[in-house]
Amino acid sequence: MVLSSFWKEKYILESKKSWDLFYKRNGIRFFRDRYWTLNETGQDGFYDLLQGWIREAESQGRPLYILEAGCGVGNTIFPILGWNNSIRFYACDISKEAIGLLQNNPAFDSERIHCLVLDISKESLSDYIPEKGQVDVAILFFSLSAIAPKYHKFVIENVYKVLRPGGWLLFRDFCEGDLAQTRFSKENQVEEQWFVRQDGTFSYFFRIEQVQAMFQAQGFRTERLNTVDRSIENRKLGKKMNRRWLQGCFQKKDCGNLS
């Protein structure tokens, strides 16, 4: 049985509350730091791209500005900041609890991280980021899937507006057919590809052609977009888990470089 429209709208309206309760309950323990952003190279990773953008910004005598929309407690931010001193972050999340935990991290540096508590599905990023077009790179890692599909277009357009002409967007999120999708019951299904967890947070499983069409419709050029299939072994349980996600890099069309 698919979720009723009443419960669907209730979960959407209470999204902020659900994420605040999630972080109150789990703290910084739930997600691992995303060192894969630096460990995966070539077409399968983002390290080579980040390295090239840093060199370009440094050649212009300025920092590289990165926005992470849906930053949580900083699992992407802190590994990248520790890797290179030329990076500055806009850390954005709907949950004030998540941002509070990020700011309480011993590695937090207020001169390098500017925190924003806002709902990117409804509030304009350009109202919070002081200088229009300052962001070189935007990151959407497993955050679009946590937002109701009717807001996906607005989120992508929202990020597009604050990117520097020729700026980039890095994307990684759930793909249809992922193990996590098969574990949801019909009672947790909101719509096709869209599910709600017991704690009230959402999970959406994208198709590759759907993602490409969404980003290109909002003015992005697809640099790369691919499906990643990984078999991950859970040694404790003695099981192999077949995980599937989409990973891509998109460029704002206005011009061909960061400057």
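## Exercises on a predicted model

In this predicted model, F31 is partly exposed, with a relative accessible area of 33%.

**Exercise 1.** Classify the pair formed by the rings of F30 and F31 from the angle between their planes.

*Solution.* Begin with the distance: ring centres must lie within 6.5 Å to pair, and those of F30 and F31 are 4.9 Å apart. Then take the angle: planes over 60 degrees apart count as edge-to-face, and here the planes stand at 80°, so the pair is edge-to-face.

**Exercise 2.** Do the same for the rings of F174 and F205, and find where in the chain the two residues sit.

*Solution.* The ring centres are 5.3 Å apart and the planes stand at 45°, so this pair is tilted. F174 belongs to strand 5 (residues 163-174), whereas F205 lies in the loop between strand 8 and helix 9 (208-217), and the pair therefore links distant parts of the chain, 31 residues apart. Both F174 and F205 are buried.

**Exercise 3.** Decide how the buried residues of helix 1 are arranged around its axis, and name what covers them.

*Solution.* First list the buried residues of helix 1 (residues 5-13), which are K8, Y11 and I12. Seen down the helix axis, these residues fall within an arc of 100°, so they line one face of helix 1. On the other side of the helix, F6 and L13 are exposed. Finally, the cover over the buried residues includes helix 2 (15-26), strand 6 (189-191), strand 7 (194-196) and strand 8 (202-204).

Definitions and conventions
Residues are numbered from 1 along each chain as its sequence is written. This is a predicted model: local features need pLDDT of at least 70, side-chain atom pairs count only at pLDDT 80 or more; totals for chains, interfaces and linings use all residues. Side-chain values use heavy atoms; hydrogens and water are left out. Buried means under 20% relative accessible area, exposed over 50%, partly exposed in between (1.4 Å probe, protein chains only). Helices (H or I, at least four residues) and strands (E, at least two) are DSSP runs, numbered from the N terminus. The arc is that of the directions from the helix axis to the C-beta atoms. Contact means heavy atoms within 4.5 Å. Rings of Phe, Tyr and Trp (its six-membered ring) pair if their centres lie within 6.5 Å; planes under 30 degrees apart count as stacked, over 60 as edge-to-face and the rest as tilted.
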